[in-house]
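Visitor: I'd like to learn how to read the surface features of a model like this one. Could you take me through them?

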Amino acid sequence: MTFLLLFLVVGLVALGWLVWQQQQSMALMSEQLTEAHDQVTNLSNQLTDTESNMTATVEDADQQIAINESEIRKLWDLSNKRNKGWIQTNQANIATNQDELAATRRTLDQIETDLNTSLTSVVAQQRDLTDKINVLTRQTSQLSDTLKRQVEQNTQSIQAIDVSRQQNNQRLLDASRRVSNLESRMNSLESRPSL
């Protein structure tokens, strides 16, 4: 019975330790999720800033091109080479900014994919933990029911032993009284004078 109680205590301690480990793991995953969310937020802000800058740059470039075209028409012969260089530089800057925007969008897509994967993993681990806790709860309940039945059986056995012991004591007392009565009779018979 002591072994069963010790086994129950050890089982409960192990269950407590397992739950604590899972809570630590979930806290760590929650921190990682928070960090990933912060990174996504920062990237989203950077993407918004980049898009704003790109829009402003494109608008500025369009205005500059319009001015350049007007100037080219007026001064084509005088500044043809210089204006062509500026146009090419602006176009290269636009292409570079568009490439950076595309790269930023790809990075954001990858982070969102990683975040979704992490969330799926966390949900799966939480389900697994819930299943394990449910199994342990059922096992603990079954063990508790078994212990209760054994305690009831032991209590009934002890009560039966007590009843048997009381009956045996009563029989011994009855036998002792009979022996005492017989001895008294024998003594009285011996003390009578012989005829």
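Visitor: Let's start with one residue: is aspartate 162 buried, partly exposed or exposed?

Guide: Some ground rules come before that. This is a predicted model, so local features need pLDDT of at least 70 and side-chain atom pairs count only at pLDDT 80 or more, while totals for chains, interfaces and linings use all residues. Residues are numbered from 1 along each chain as its sequence is written, and side-chain values use heavy atoms, with hydrogens and water left out. Now the general idea: buried means under 20% relative accessible area, exposed means over 50%, and partly exposed is in between (1.4 Å probe, protein chains only). Aspartate 162 has a relative accessible area of 32%, so it is partly exposed.

Visitor: And which residue forms a salt bridge with aspartate 162?

Guide: A salt bridge is a side-chain nitrogen of Lys or Arg within 4 Å of a carboxyl oxygen of Asp or Glu. Here the partner is arginine 165, with the closest N and O atoms 3.9 Å apart. Arginine 165 is partly exposed too, because its relative accessibility is 44%.

Visitor: Why are those two separated by about one helical turn?

Guide: Helices are DSSP runs (H or I, at least four residues), numbered from the N terminus. Arginine 165 and aspartate 162 are three residues apart in helix H1, so about one turn separates them.

Visitor: How many salt bridges does the structure hold?

Guide: Three. Another one joins aspartate 174 to arginine 177, the closest N and O atoms being 3.1 Å apart. Both lie in helix H1, three residues apart, about one turn of the helix. Aspartate 174 is partly exposed at 28%, and arginine 177 is partly exposed at 48%.

Visitor: What about aspartate 128 and lysine 132?

Guide: They form a salt bridge as well, with 3.4 Å between the closest N and O atoms. This pair is four residues apart in helix H1, so again the separation is about one helical turn. Aspartate 128 comes out partly exposed at 38%, and so does lysine 132 at 40%.

Visitor: Which residues form a nonpolar patch on the surface?

Guide: Patches take residues with over 30% relative accessible area and no salt bridge; nonpolar side chains (Val, Leu, Ile, Met, Phe, Trp, Tyr) are joined within 5 Å, like charges within 9 Å. In this model, Met1, Leu5 and Val151 make up such a patch, with about 310 Å² of accessible area together. Areas come from the Shrake-Rupley method with a 1.4 Å probe, and for residues only the protein chains shown count as cover.

Visitor: Where is methionine 1 placed?

Guide: In the segment before helix H1 (2-191). Methionine 1 counts as exposed because its relative accessibility is 64%.
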